[in-house]
Amino acid sequence: MSRKKRQNGADKPAATVDGYNNFTAKLGSNTQNIQTGGTYTPGYITRNRVMLEFSYRSSFLVGAGVDAMADDMTRKGISISSQLKPGQKGKVETFWDDAGIWDGINDTLKWSRLYGGALLVVLIEGQDMSTPLKLDRIKEGQFKGVMCLDRWMVTPTYSDLVTDYGPHFGKPKYYKVVVSQQGIPPWRIHHSRLIRMEGDSLPFQQAQTENGWGMSVVERIFERIEAFDTATVGTTQLIHKAHLRTYSIEGLRAVLAMPDDSPAKAGLMKHMDMIREFQTIEGMTLMDSKDQFATHSYSFAGVADVILRFAEQVSGATGIPLVRLFGQSPAGFNTGDGDLENYYSRVNSLQERRLRRHIRWLLDISWRSQFGEPLPDDFTFEFNKLWEMSDVDRATMASNVTTALATAVRDIGMSQHAALNDLRNLADVIGIGGSITDKDIEDAKAEWEEPELEAGPPPEIRAPVPQKPTGDSAANRRDRGWFVRWFSG
């Protein structure tokens, strides 16, 4: 059915102008000025895998823009803050180090940022990759590690999508491995056996152009990096021409027009060789009285400011401060601490949004493979802080924490085992408390829960004596000035 004619009789839509416009001065939108000729066009660099790889290998800025965020998100690891059985925490951490779990997560983050998508596959021995992963069927010793596959190494099943509600809803159900190098079998991997990571998220219509994947982080910063490289290469060319020497010779064109074996041309070249030989800081230049010799120097004033402005644009495009991206110390009164603190806060927010759920899932698999049981219900962990305090700040914070815990135990009835547990959890930050063992906490808990009898009546004859020591009878504790327990006898 054809569209009805508009009331004004126009067959085509008429362009409208919104906002401020001054047609006489050619200011504003659609006023035929230079600014109105600008627009934005899609680059689709994410699709060009070869260009992404070449830029990653050749440009240190592309490499830093891809690697810095992934390295910082996995550099410090996590701290398990739950109450566990003795030895469990150390055994899991040792397994993660031996199996290279953090390395696999780091690679997946990097290639998802470079290509726009990557997968982290869990390797469960004795199970079919094409079947759904059942956590309760993981036996002890089955989890062997992880393997990273970028988006170009697999072919998702776009016609077979996940229909179960959840974080995987609408995503491909299977991923077929298309690269057989390094002994990787042509697996058909079920989505429940992998972690899918994407680069920069795209709106729905644009995500369809990338086959459901995200966008490479290089696509947004590519133009700014090209501008920075152009500025630096141009400055390099200026250095070669910073000091030019000119030598004026009468009748030079006539000499150059002569044959190469002519005496005049041979004499000219011999004269030039003589000048290069004797023209040093202690020598002199011999020339004809009609010849002219001159030097020209170039000033580099302002070039450093221009390069710095381009570097700031690259830093803004990547979201990484100059002190982290370029590895240079801040100049002037800026220490760079504020920039790094804001950057680390952004890294922490990305850890919480994009890593917490995946790491807990990997910890659950590791726990079942190590101990044959699921994670405890109260299992929690925290990402270790990237900000490193100075020795003075660390000592001050350690003093404040220990004083606060001692006050809480003495004045408000906080249990000693809870204080010891809190102190151990903060050991990586304040530098003390790392030697507290699970046995120390259990002993403190047992002592706290046993009732006190110092101020009570004496026990009956031949009644059993409690095992809990009093404040002044314990071998490893100072005299608290309490009543002495009555003993039978």
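Biologist: What makes the reach of helix α6 (residues 218-240) close to the one expected?

Modeller: In this predicted model, α6 has 23 residues and reaches 31 Å from its first C-alpha to its last, against the 33 Å expected at 1.5 Å a residue. The expected span is 1.5 Å times one less than the number of residues, so 31 Å sits close to 33 Å.

Biologist: And where is the kink in α6 centred?

Modeller: On R224, and the kink is about 30°. That's the angle between axes fitted to the seven residues ending there and the seven starting there.

Biologist: Which residues of α6 are called buried, and what covers them?

Modeller: Buried means under 20% relative accessible area. V218, I221, F222, I225, A227, F228, A231 and T235 are the buried ones in α6. Their cover includes α1 (49-58), α2 (60-74), α4 (101-115) and α9 (303-318).

Biologist: Why is strand β9 (residues 194-198) called largely enclosed?

Modeller: Four of its five residues are buried, so the rest of the structure largely encloses β9.

Biologist: How do you know that β9 pairs with strand β4 (residues 117-124)?

Modeller: Pairing takes at least two bridges, and five join these antiparallel strands, so they count as a pair. One example: V121 has L194 in β9 as its bridge partner.

Biologist: Now the open sheet β6-β7-β8. What makes β6 (154-156) and β8 (188-190) edge strands?

Modeller: The three strands pair antiparallel in that order, and β6 and β8 each pair on one side only. Three bridges join β6 to β7 (residues 174-177), with V154 opposite V177 in β7.

Definitions and conventions: Residues numbered from 1 in each chain as written. Predicted model: local features only at pLDDT ≥ 70, side-chain atom pairs only at ≥ 80, totals over all residues. Heavy atoms only, no water. Buried < 20%, exposed > 50% of the residue type's maximum accessible area, 1.4 Å probe, protein only. Helix = DSSP H or I, 4+ residues; strand = E, 2+ residues; numbered from the N terminus. Contact = heavy atoms within 4.5 Å.
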